Amino acid sequence: MIKPLLAPYLMGQRRDQLRRLAPFHGQPWQLVEVAELRATHIADRNEQLRCMGLAYAALAAQVRQAAAAGQLPLSIA
């Protein structure tokens with residue numbers, strides 16, 4: 001079974017418009033959220049990298065969880 005995961009971040013910056021892709025596959029997408037990542041613009045490159053690490057660590061955790069459950073993770077990030 002496919003496990004759709006949607007991570008609405010780009011370069012560590014929140015991109016809520018990506019949520020409109022959620023109906024794309026015909027089943028509910030699990031939203032990968034990081035509570036502290038609210039900024040839609042981050043000028044500092046080091047802060048962008050830090051935030052990217054947080055976003056993709058959260059996505060990786062969801063991928064591991066899906067794979068451990070025998071699912072095939074599919075991500076839009």
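Start by selecting Leu6 and Ile76: in this predicted model, Ile76 is the bridge partner of Leu6 in strand E5. Keep Leu6 highlighted and add Leu31, its bridge partner in E4. Then pick Ile2, whose bridge partner in E5 is Leu72.

**The sheet**

Now show the strands as ribbons. Strand E1 covers residues 2-6, and 5 bridges join E1 to E5. These two strands run parallel. Turn to the other pairing, where 2 bridges join E1 to E4, again in parallel. What is the order of the strands in this open sheet? Reading across, the order is E4-E1-E5, a sheet of 3 strands with parallel pairing. Colour strand E4 (30-31) and strand E5 (72-76) as the edges, since each pairs on one side only. While you are looking at side chains here, a general point is handy: in a regular strand they alternate between the two faces of the sheet.

**The helix across the sheet**

Next, select residues 45-68, which form helix H1. This helix lies across E1, E4 and E5. If you draw axes, H1 runs at about 170° to E1.

**The nonpolar core**

With H1 still shown, which residues make up the largest nonpolar core? Select Leu5, Ala7, Tyr9, Val32, Val34, Leu37, Ile42, Cys51, Ala55, Ala58 and Leu59, 11 residues in total. Helix H1 provides the largest share of this core, with 4 residues. Zoom in on Ala55, one of the core residues. Beyond residues up to four places away in sequence, Ala55 touches Tyr9, Val34 and Leu37.

**Glu36 and its surroundings**

Move on to Glu36, which you will find in the loop between E4 and H1. Is Glu36 buried or exposed? The relative accessible area of Glu36 is 52%, so this residue is exposed, the cut-off being over 50%. Show everything in contact with Glu36, leaving out residues up to four places away in sequence, and you get Arg50 and Leu54. For a distance check, take the C-alpha atoms of Glu36 and Gln62: they are separated by 17 Å, with the two residues 26 apart along the chain.

Add the side chain of Arg50 to the view. The side chains of Glu36 and Arg50 make a polar contact at 3.3 Å. The pair also counts as a salt bridge (3.3 Å, N to O). This pair links distant parts of the chain, with Arg50 in helix H1 and Glu36 in the loop between E4 and H1, 14 residues apart. Arg50 itself is partly exposed, with a relative accessible area of 39%.

**More salt bridges**

How many salt bridges does the structure hold? There are 4. As general background, side chains of opposite charge can pair when their charged atoms come close.

Stay on Arg50 and bring in Glu47. Their side chains meet in another salt bridge, at 2.9 Å from N to O. Both residues lie in helix H1, 3 residues apart, which is about one turn of the helix. Glu47 has a relative accessible area of 28% and is partly exposed. Elsewhere, Arg14, Asp16 and Glu33 are joined into one network by salt bridges that share partners.

Centre the view on that network to see one of its links: the side chains of Arg14 and Asp16 form a salt bridge (2.9 Å, N to O). Colour the two by accessibility. Arg14 is buried at 6% relative accessible area, whereas Asp16, at 36%, is partly exposed.

**Last stop: Gln13**

Step back to Gln13, in strand E3 (residues 13-14). Why does Gln13 count as buried? Its relative accessibility is 5%, and buried means under 20%, so Gln13 falls in that class. To see what surrounds Gln13, set aside neighbours within four places in sequence and select Pro8, Ala39, Thr40, His41, Ile42 and Gln48, with which Gln13 is in contact. Ile42 will already be familiar as a member of the largest nonpolar core.

Conventions. Residues are numbered from 1 along each chain as its sequence is written. This is a predicted model: local features need pLDDT of at least 70, side-chain atom pairs count only at pLDDT 80 or more; totals for chains, interfaces and linings use all residues. Side-chain values use heavy atoms; hydrogens and water are left out. Two strands pair if DSSP finds at least two bridges between them. Contact means heavy atoms within 4.5 Å. Axes are lines fitted to C-alpha atoms, for helices over the stretch in contact, and angles run from 0 to 180 degrees between N-to-C directions. Buried means under 20% relative accessible area, exposed over 50%, partly exposed in between (1.4 Å probe, protein chains only). A polar contact is a pair of N or O atoms within 3.5 Å; within protein, one must be able to donate a hydrogen and the other to accept it, and residues adjacent in sequence count only if both atoms are side-chain atoms. A nonpolar core is a set of buried Ala, Val, Leu, Ile, Met, Phe, Trp, Tyr and Cys residues joined through side-chain atoms within 4.5 Å.
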